[in-house]
Amino acid sequence: MSHLKVFTDLQTTPELLSWLRESISPHELLRPASPGASVLADVPTDPLMQEADIVLGQPRTEAVLTSTRLKWLQVSTAGFTRYDTPDFRAAMKERGIPVTNSSRVYDDACAEHVLAFMLANARQLPSALKTRCANGTEEWKTLRRNSRLLQGQSLLIVGYGAIAERLVELLQPFRMEITAMRRSPRGDEKVTVITPDHVAEALGKADHVINILPDNAGSARWFDAVRFGQMKAGAIFYNIGRGSTVDQEALAAALQSGDLGAAWLDVTEPEPLPDDHVLWTCGNCHITPHTAGGQAAEARVLIRHFIENFERFQKGEALVNRVM
């Protein structure tokens with residue numbers, strides 16, 4: 001393959017950048033003067049990007065669309081809302097430019113995070129960690145009575161992708177009855193899959209509902225008062241997708257009425273929630289600050305993911321986490 005120029009705006013250590021540079025050698029690594037911090041950040045386009053054949057990072061859509069050399073874009077996050085528009089998709093298809101994201105980097109961490117949510121809820125950890133009750137007291141007996149096992153319970157996953165696949169693997173020892181909603185089933189899923197047309201029935205049967213929907217025009221406030229009303233009484237709701245996919249006032253109402261047993265959220269809208277938001281008043285709502293995808297070696301895993309895809313790209317093989 002001819003000499004390639006790879007542009008990245010990743011903010012990471014000199015050591016990891018050296019590893020990336022050495023790993024793509026003899027191809028060239030280009031670096032901007034001001035790397036962007038977020039896929040949502042509106043940072044100026046560095047002129048060097050227009051010289052790149054491959055981009056790893058979070059470039060502005062217009063920079064991608066005006067590039068005359070681009071052959072492949074790998075978004076450095078799992079979310080790719082900025083690029084998920086009909087016009088951008090059409091342009092990439094017309095020009096034959098593959099677009100990949102970095103879901104593989106975050107699927108393990110997000111799956112373990114939501115499993116931790118499920119176990120903490122089942123074993124009553126929020127209440128248990130706040131008390132120093134003595135063995136045999138009524139409070140102690142209540143904690144034990146309210147503790148549950150995941151074994152044999154039912155789970156509905158809304159949004160089936162890399163995170164859901166990993167979570168299903170982690171949940172195998174618990175022998176749960178798992179169903180997943182996917183807009184376009186592929187047939188290779190390892191659980192029972194339904195389409196949105198059948199979600200109402202599934203919501204009414206599930207003890208646990210996990211939301212992993214992405215942020216797009218079709219998912220805005222997808223979980224609204226109607227869908228919360230369709231859920232089984234006492235069901236537990238989890239969100240590690242995007243805050244924009246949930247009507248948070250409707251969620252708070254369902255929690256306050258007791259229709260839902262609890263909610264565990266890693267994402268909200270906005271982030272963080274204002275101090276006076278109603279969800280903070282719900283004792284059965286537990287929120288982590290969008291940390292589900294984090295891990296100590298996150299940047300190294302991200303770069304390794306790109307390097308592996310770069311090798312695939314050079315060989316003409318299918319790219320991992322292709323979204324367009």
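Here are some questions and answers about this predicted model, meant for a reader meeting the structure here.

User: How are helix 1 and helix 11 oriented to each other: roughly parallel or roughly antiparallel?
Analyst: Let's start with the geometry: helix 1 spans residues 14-24, helix 11 spans residues 298-315, and their axes lie 11 Å apart. The packing angle is about 10°. Angles under 35 degrees count as roughly parallel. Helix 1 and helix 11 are therefore roughly parallel.

User: Which residues in helix 1 meet helix 11?
Analyst: On the helix 11 side, the contact takes in A299, R300, I303, R304, F306, I307 and F310. By class, the contact of the two helices has nine nonpolar, one polar and two charged residues. The helix 1 residues you are looking for are L16, W19, L20, S23 and I24.

User: And helix 4 with helix 11, are they oblique or roughly parallel?
Analyst: Here the axes are 8 Å apart, and the angle between helix 4 and helix 11 is about 140°. Angles over 145 degrees would count as roughly antiparallel, and 65 to 115 as roughly perpendicular, so a value outside those ranges and not under 35 falls in the remaining class. That makes helix 4, relative to helix 11, oblique.

User: Which residues in helix 11 does helix 4 meet?
Analyst: Helix 4 brings R104, V105 and Y106 to this contact. The residues involved divide into four nonpolar, one polar and three charged. Their partners in helix 11 are E298, V301, L302, H305 and E308.

User: Which element gives the largest share of the lining of the second largest pocket?
Analyst: This pocket holds about 420 Å³ of space and is lined by 21 residues, with N121, Q124, I236, G261 and A262 nearest its centre. Helix 4 (103-122), helix 5 (125-128), strand 10 (235-239) and strand 11 (260-265) each give two or more residues to that lining. The largest share is three residues, and it comes from strand 11.

User: How many charged residues does the lining of that second largest pocket have?
Analyst: Sorting the lining by class gives seven nonpolar and eleven polar residues. The charged residues in the lining number three.

User: What is notable about the phi of Q124, and what is its value?
Analyst: Most residues other than glycine have a negative phi. Q124 sits in the loop between helix 4 and helix 5. Although Q124 is not a glycine, its phi is positive, at about 60°.

User: With which residue does D53 form a salt bridge?
Analyst: The structure holds 16 salt bridges. In the one formed by D53, the closest N and O atoms are 2.7 Å apart. D53 lies in the loop between strand 2 (28-30) and strand 3 (54-57), and its partner, 18 residues apart, lies in the loop between helix 2 (61-66) and strand 4 (72-75). That partner is K71.

User: Which residue does a cis peptide bond join to P26, and which one to P272?
Analyst: Most peptide bonds are trans. P26 is in the loop between helix 1 and strand 2, and its cis bond has an omega of about 10°. P272 is in the loop between strand 11 and strand 12 (285-287), and omega for its cis bond is near -5°. The partner of P26 is S25, and that of P272 is E271.

Definitions and conventions:
Residues numbered from 1 in each chain as written. Predicted model: local features only at pLDDT ≥ 70, side-chain atom pairs only at ≥ 80, totals over all residues. Heavy atoms only, no water. 1 Å grid on protein atoms, 1.4 Å probe; cavity = no way out; pocket = protein on both sides within 12 Å on 5 of 7 lines; lining within 4 Å. Points joined across faces, edges and corners; volume = space filled by probe spheres on them. Helix = DSSP H or I, 4+ residues; strand = E, 2+ residues; numbered from the N terminus. Nonpolar A, V, L, I, M, F, W, Y, C, P; charged D, E, K, R; others polar. Axes fitted to C-alpha atoms, helices over the stretch in contact; angles between N-to-C directions. Contact = heavy atoms within 4.5 Å. Salt bridge = Lys/Arg side-chain N within 4 Å of Asp/Glu carboxyl O.
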